[in-house]
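Morning, everyone. I have one structure to go through today, so please bring it up on your screens.

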Amino acid sequence: MTRCYNFCAGPAALPQVVLEKARDEMLDWHGAGLSIMEMSHRSPEVVGVAQRAEADLRELLGISDDYAVLFLQGGASTQFAAVPLNLAGENDLADYVNTGQWSKKAIAEGRRFTRVNVAASSEDSNFSTIPPRESWQLSADAAYLHYTPNETIGGVEYFWVPEASAPLVVDMSSTILSRPVNVADYGVIYAGAQKNIGPAGLTLVIVRRDLLGRAGDKCPAMLNWQTAADNDSMYNTPPTFALYLAGLVFEWLKEQGGLAAMERLNRRKAGKLYAAIDSSAFYANPVEVQSRSLMNVPFTLADDALDKQFLAEADAAGLLNLKGHRSVGGMRASIYNAVGEDAVDALIAFMQDFEQRNG
Ligand code: PMP
């Protein structure tokens, strides 16, 4: 068996030991004579898996009892609608900061349900910057302030938390669990699972309990955070297998030394890759240096006529999914937690070799 290096933006690489454990437990989970995915979500086995996953996640992120942890479905995209439906009425005002394609989608969906003020945007710089906090035009009475701490497509990441009087609502899909965060800074954190949490199909919402119970009557039960919290995320059938796998990922993260250890590793990986890009006239990354993502590293070749060849040769060398998002072109290496330093080293060696042959 050969496992390739996988730089996919999501669904992304999973730790090999997690996949092996899932394989070993596939037919007979802990002697139950069944797979975990064949069991009732109300069974003590599955409830136990969900409770352990939540406890481990709380430990990893330092989530206090002031917050509910919800395991939902529908991806981060469903939360683009759930956020206004849970926090703002039609005539309320919500502030959004636009730093890229995912912010834009959140804004467009938000507009269906509430009044949106785009407080700042980096569209003028082609989303290669984060507008400085001093430039944000926040509303006096916003129901919440929404922003995207890591733009997966543009590779732009906040390394600071904005001050604001409204609760901060953040789409952490592509940065969650990559480094420690202070959960108490936020009102709501949400994320699709398929980068650093587990497989697709699971969506995480961490919500400060005082923000529950604000949804209007028209909010569908499946989007209502209060309903999910009241039912321990089992109002309907949750994605039990995805939740089980996420639990294995959380255990793995604890074994790695938790999020402080992941941050050290992730900074080293990203630092090497950006250094390789910056030291070459052949490769370029457009993002302002202080906002470069630790997880998603877009880069271009000096001559985009070479893109196809670069990707074909990378594939042949076992370096997969380096194609940039269809909206921006070029390349993108997503280097989430489960992408080891060996993968980054192999990518850099390939890039240097490719440049030597074609530069
Ligand atoms: N937000 C961000 C930052 C993302 O990276 C993605 C997916 N790549 C989404 C939202 C959409 O997530 P989903 O596919 O889970 O709806």
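Before we start, one term: two strands count as paired here if DSSP finds at least two bridges between them. Also keep in mind that this is a predicted model.

With that term in hand, take strand 2 and strand 10. They run antiparallel and are joined by 6 bridges. One residue to pick out is Leu-70, whose bridge partner in strand 10 is Val-205.

Staying on strand 2, is it covered or not? Mostly covered: 6 of its 6 residues are buried. The side chains split into two sets, with Tyr-67, Val-69 and Phe-71 pointing one way, and Ala-68, Leu-70 and Leu-72 pointing the other way.

Now the sheet itself. It is open, with 7 strands in the order 2-10-9-8-5-3-4 and mixed pairing. Strand 2, residues 67–72, and strand 4, residues 115–121, each have a single partner strand, so each has one side left without a neighbour in the sheet. On average, neighbouring strands are turned by 15° against each other, ignoring direction.

Two helices pack against these strands. Helix 3, residues 75–87, touches strand 3, strand 5, strand 8, strand 9 and strand 10. The direction of helix 3 makes about 150° with that of strand 9. Helix 4, residues 101–110, lies across strand 3, strand 4, strand 5 and strand 8, and runs at about 160° to strand 3.

For a parallel pair, look at strand 8, residues 168–171, and strand 9, residues 188–192, which are joined by 3 bridges. Asp-171 stands opposite Tyr-190 in strand 9.

Asp-171 is also among the residues around the ligand. Others in that shell include Ala-9, Gly-10, Trp-102, Thr-148, Thr-152, Ser-173, Ser-174 and Gly-192. Which helix gives the most to the shell? Helix 3, with 3 residues. By class, the shell has 3 nonpolar, 8 polar and 1 charged residues.

Last, the overall picture. The protein has 9 helices and 14 strands, and its C-alpha trace spans about 60 × 60 × 30 Å along the principal axes. A compact globule of 359 residues would have a radius of gyration near 21 Å, and the protein agrees, at 21 Å. Of those 359 residues, 45% count as buried. Among contacts with a separation of 6 or more, 67% come from residues 24 or more positions apart.

That is what I had.

Conventions
Residues are numbered from 1 along each chain as its sequence is written. This is a predicted model: local features need pLDDT of at least 70, side-chain atom pairs count only at pLDDT 80 or more; totals for chains, interfaces and linings use all residues. Helices (H or I, at least four residues) and strands (E, at least two) are DSSP runs, numbered from the N terminus. Axes are lines fitted to C-alpha atoms, for helices over the stretch in contact, and angles run from 0 to 180 degrees between N-to-C directions. Two residues are in contact if their C-beta atoms, placed from the backbone, lie within 7 Å. The radius of gyration is taken over C-alpha atoms; the globule rule is 2.2 Å times the number of residues to the power 0.38. A residue is buried if 20 or more other C-beta atoms lie within 10 Å of its own, exposed if 12 or fewer, and partly exposed in between; C-beta atoms are placed from the backbone. A residue is near a molecule or strand if its C-beta atom, placed from the backbone, lies within 6 Å of it. Ala, Val, Leu, Ile, Met, Phe, Trp, Tyr, Cys and Pro count as nonpolar, Asp, Glu, Lys and Arg as charged, and the others, Gly among them, as polar.
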